[in-house]
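Q: Please take a close look at one part of this protein with me. I am new to reading structures, so I would like to start at one spot and follow it outward, step by step.

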Amino acid sequence: MLREITIFLSLVVGTVFTTYYTSPAVASLYYLGMLAAYFRSTNEALWLAVFLVVSDGFIGFFGPYQTTLSMIPGLPPIEIGQLYILLTIVKAFQKGASYQLYYKGLLTALFIYLLFLIAQGFTMGLNIQMNIIFRIIKETVPLLLFFSIPRLMDTEEAYAKFFGYLFPIAFSALFAQVFTITMGSTPSEFLGGTKADPLAFNVNEGRTYRGFFSSGTILMTFLGALYFLARKEKFFPTVILYAVLAADFLAVFLSATRGWVLSLGFISFLYLVFVMRFNVKRILILAVTGVALFIGIMSFPIVGKQVDNALRRMFTLSALASGDATAGGTLVRLSERSPRVVKKWLESPLTGWGFSNTFMKYSDLHVANQNILMHAGIVGFLLMLLFFFYFNWKLFLCSASLPRSHPLKEVPLVFIVFFLGWFLLHSSSGQYFSYYQAPAEGILLGVFFSFGGLLYHLITNNKLNTSN
């Protein structure tokens, strides 16, 4: 695996170099080479991890519209993540399905409703311009990963490789966080690849640093570490999994982002109660690993200042609990953003505004559930919630059907506790669930639900190895 991780990191670094330190022409040729190499490759896990990082970010590099190709004159460039997703569809058709997802029926209903929202957008007012139509296509293409990932990633080993590639990025995210707090600039800025980040500054000025790196990868590695700890098979050294969890949580905490801290804290609590069942030995190992990392980063005095700032920001939630809807003036999403979106939704409550000009004008990702209502209405939101409920309920029944002593009994619960925390994050910090997606978020959703569907299939068909 070490050799494969080296190849993965080489691809990431190579993409950094060509994107930020060569000409656009050279970068475009490199991207085309990447896409061609992926199409010829059988290592789906490697390329899924590469394109997640390229879409999600790496120590300040990458992000939305950073790696693009101009495919059609006169129209906006296309992210290579979008082109990768289209290639996965072609490969998925060629390969065919090796099993059927238990939630296929509801997933089909969601896609049908998506088509309705597109049609509704035209009837409720949408500029019929090529760039607008192109935008809708680009925003819905990532949802096709719900179709392609289950076909291309159809073994537990494939997901183990995928998470194995990403685990080093969890540590790089924490490193980038500490580096930026200490130096007042991001690693990518320090290396001369990107411009000054407005979120990067000297913490000693009295302000709280709010930057965050590789957020999607942090989510995925947190899920992966929790899963393989519960799985108890020796896919990875246990200490590595605990270190990944600690690195993810510390990176989130240093960002002083309350929704993220609450989300990962909530997931961890549910995991300790329902999956670990308060296993003292494992809790002690996790605590020792986390404390060791914390002591290490606290060796930088300025990081201690950021820790104080982060704690003060966490304590503003007490104002919310006492009835202050703005949490001491720090939570305008409830006092200003939400009413604006809800008011527009109430003008079309049943099916929302679809992909119309009105939705594009009033859309606000900071108030996720209100935004879903405005876009898809009560019908679309209830259909989405029904899908979420069915996905988790079937996994719960899968766990409940196994004997108490069965080594896989707690494994399906990992997806349930993670989803609950993820939905909390979606509801408090930024939208993740919707009828449209960016490439990075599309990969997150595709991996989570496809992996859960595969696990259900493997357990119910007795196809998982349970030897310790």
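A: Let's begin with Asn462, which is found in the segment after helix H20. One thing to keep in mind as we go is that this is a predicted model. Asn462 has a phi near 55 degrees, a positive value in a residue other than glycine. Is Asn462 buried or exposed? It is exposed, because its relative accessible area is 66%, and a residue counts as exposed when that value is over 50%.

From here we can step back into H20 itself, which covers residues 439-460. H20 packs with H8 at an angle of about 145 degrees, and the two axes are 10 Å apart. Their crossing is left-handed. On the H8 side, the contact is made by Glu156, Tyr159, Phe162 and Phe163, while H20 brings Val447, Ser450, Phe451, Leu454 and Leu458. Sorted by class, those residues are seven nonpolar, one polar and one charged.

Pick out Phe163 from that list and look at what surrounds it. Setting aside neighbours within four places in sequence, Phe163 is in contact with Met220, Leu223, Gly224, Phe228, Val447 and Phe451. Two of the names there, Val447 and Phe451, are ones you just met on the H20 side of the helix pair.

Now widen the view a little. The largest nonpolar core has 153 residues, and those touching the most other members are Phe8, Phe162, Phe163, Trp422, Phe433 and Phe449. Helix H8, residues 156-183, gives the most to this core, with 15 residues. So the helix that pairs with H20 also turns up as a main supplier here.

Two of those core residues lead us to another place. Phe388, in helix H18 (residues 368-400), is in contact with Phe419, Phe423, Phe433 and Phe449, leaving aside its neighbours within four places in sequence. Phe388 counts as buried because its relative accessibility is 6%, and buried means under 20%. Try finding Leu106 as well: it is 282 residues away from Phe388 along the chain, yet their C-alpha atoms are separated by 9.6 Å.

H18 also takes us to a loop, the one between H18 and helix H19 (411-428), where Glu410 lies. Its relative accessibility is 12%, so Glu410 counts as buried. Not counting residues up to four places away in sequence, Glu410 touches Phe274, Val275 and Arg277.

Let's return to H20 and meet another of its partners. The buried residues of helix H7 pack against H2, H3, H4, H5, H8 and H20. H7 spans residues 145-152 and is mostly covered, with seven of its eight residues buried. Those seven are Leu145, Phe146, Ser148, Ile149, Pro150, Arg151 and Leu152.

Leu145 is a handy signpost to Ile85, which is found in helix H4. Ile85 and Leu145 are 60 residues apart in sequence and 6.8 Å apart in space, C-alpha to C-alpha. Apart from residues up to four places away in sequence, Ile85 touches Val141, Pro142, Leu145 and Pro439. Why does Ile85 count as buried? Its relative accessibility is 0%, so it falls under the 20% limit.

H4 has another visitor, helix H6 (residues 130-140). The buried residues of H6 pack against strand S2 (78-79), helix H4 (80-95), helix H5 (104-123) and helix H17 (357-362). Buried in H6 are Ile132, Phe134, Ile136, Lys138 and Thr140.

Before we zoom out, compare our starting point with Ile59. Phi of Ile59 is near 45 degrees, again a positive value in a residue other than glycine. Ile59 lies in the loop between H3 and strand S1 (68-69). With 12% relative accessibility, Ile59 counts as buried, whereas Asn462 is exposed.

Finally, here is the whole protein around our route. It has 20 helices and two strands. Buried residues make up 56% of its 468 residues. Among contacts between residues at least 6 apart in sequence, 76% join residues at least 24 apart; the touch between Ile85 and Leu145 that we visited spans 60 residues. As for the outside, the protein exposes about 19,800 Å², and carbon and sulfur atoms supply 66% of that area.

Note on methods:
Residues are numbered from 1 along each chain as its sequence is written. This is a predicted model: local features need pLDDT of at least 70, side-chain atom pairs count only at pLDDT 80 or more; totals for chains, interfaces and linings use all residues. Side-chain values use heavy atoms; hydrogens and water are left out. A nonpolar core is a set of buried Ala, Val, Leu, Ile, Met, Phe, Trp, Tyr and Cys residues joined through side-chain atoms within 4.5 Å. Buried means under 20% relative accessible area, exposed over 50%, partly exposed in between (1.4 Å probe, protein chains only). Helices (H or I, at least four residues) and strands (E, at least two) are DSSP runs, numbered from the N terminus. Contact means heavy atoms within 4.5 Å. Accessible areas come from the Shrake-Rupley method with a 1.4 Å probe; for residues, only the protein chains shown count as cover. Axes are lines fitted to C-alpha atoms, for helices over the stretch in contact, and angles run from 0 to 180 degrees between N-to-C directions. A crossing is left-handed if the near helix is turned anticlockwise from the far one by less than a right angle, and right-handed if clockwise. Ala, Val, Leu, Ile, Met, Phe, Trp, Tyr, Cys and Pro count as nonpolar, Asp, Glu, Lys and Arg as charged, and the others, Gly among them, as polar.
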